[in-house]
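User: Please take a close look at one helix pair in this model and describe how the two pack. Add what can be said about a selected leucine and the cysteines.

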Amino acid sequence: RTSLPDNWSGKIYDDYREAISNSQAEVVYVSLVNSLHEEWVAIALRSEKHVIVDKPAFLSLAAAVQLIEIATKNDLCLAEAVVFSYHPQIAALEKLSSETGGTTRLIATFTIPPLHIDNFRNHPELGGGSLWDLGPYAAAASRLFFGSLPEKLTCNVVSNHPETNVDTGFSVLASYNGGRSYVGQFGFDTEYQNWLTFIGPGIAVTADRIFTAPPNLENQLEVSRNSQKSRVPVKAGDSFELFFRSVISAIDGRSWSGLAEDLMYDARMLDRMRVSARAS
């Protein structure tokens, strides 16, 4: 755009490198096609800027390790914008899980109808594909409900784009210590579905619109306790706003190590998923 919104002040740049070099901003938000994340995050970190990068942060585990090392060396924050985990319903789910003995089974589904051929997600050279685009949701769900990486993991690509051959759907099955397990279905090849269910000792809870809850949605969790059904209301929340507030607070308090740990967990989980998918 050529002008700022009303009541905004600042300068508009038409070159990324110039903006990073000349802007007085302390934080750079990298929101580009996936294949450009690594390059511009590196440039921003080497310019001594804190960085927030859209999911998937990077297209390899090696890149994640290297760029976190650069951020750590330069005493900078590097955070991945997997924002659904900051919505109030996640805290409500985690509370119900911890109060009732933890999660034993996790089932997650996030599928959308096919995307237009021009969408970058349909093009592998741009970092497209369901594993890159939706894999971070699958990885973050594992992190939030199980904490540790799975002992065993199988991931299968179940559909590909007819023109570009990029993966458009995948399934994941993971098992964790203590007899816990996770099943996920993700893709952009079917009717819209967006929900998560956790099952534990004496409880089962389902949350709809779990990965992309609208800011004004006052959701209700569907709860089953000892075969008795109920609904638990959850207040509305803007996941993006809550995420950015949390990151800025971490930067102000110089306490961003947890953000790097989250990024690394998700990168390791996604790497294992991709390795398994290539082997299948």
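Analyst: The helix pair comes first, then the leucine, then the cysteines. The model is predicted.

The pair is helix α3, residues 61–73, and helix α8, residues 257–279. Two packed helices are described by the angle between their axes and the distance between the axes. Here the axes come within 9 Å and cross at roughly 165°. An angle over 145 degrees counts as roughly antiparallel, and α3 and α8 are therefore roughly antiparallel to each other. The crossing in which α3 passes α8 is left-handed. On the α3 side, the residues that meet α8 are Leu-61, Ala-64, Val-65 and Ile-68. Their counterparts in α8 are Ala-260, Leu-263, Met-264, Ala-267, Arg-268 and Asp-271. Sorted by class, this contact has eight nonpolar residues, two charged ones and no polar ones.

The leucine is Leu-242, which lies in helix α7, residues 239–252. Leu-242 counts as partly exposed because its relative accessibility is 32%, between the limits of 20% and 50%. Setting aside neighbours within four places in sequence, Leu-242 is in contact with Tyr-86, His-87, Pro-88 and Gly-237. One of these, His-87, is 155 residues from Leu-242 in sequence, yet the two C-alpha atoms are 7.2 Å apart in space.

As for the cysteines, Cys-77 has 0% relative accessibility and so counts as buried. Cys-155 is buried, with a relative accessible area of 0%. A search of the whole structure finds zero disulfides.

Methods:
Residues numbered from 1 in each chain as written. Predicted model: local features only at pLDDT ≥ 70, side-chain atom pairs only at ≥ 80, totals over all residues. Heavy atoms only, no water. Disulfide = S-S within 2.5 Å. Buried < 20%, exposed > 50% of the residue type's maximum accessible area, 1.4 Å probe, protein only. Helix = DSSP H or I, 4+ residues; strand = E, 2+ residues; numbered from the N terminus. Contact = heavy atoms within 4.5 Å. Axes fitted to C-alpha atoms, helices over the stretch in contact; angles between N-to-C directions. Parallel < 35°, antiparallel > 145°, perpendicular 65-115°, else oblique. Left-handed = near helix turned anticlockwise from the far one by under 90°. Nonpolar A, V, L, I, M, F, W, Y, C, P; charged D, E, K, R; others polar.
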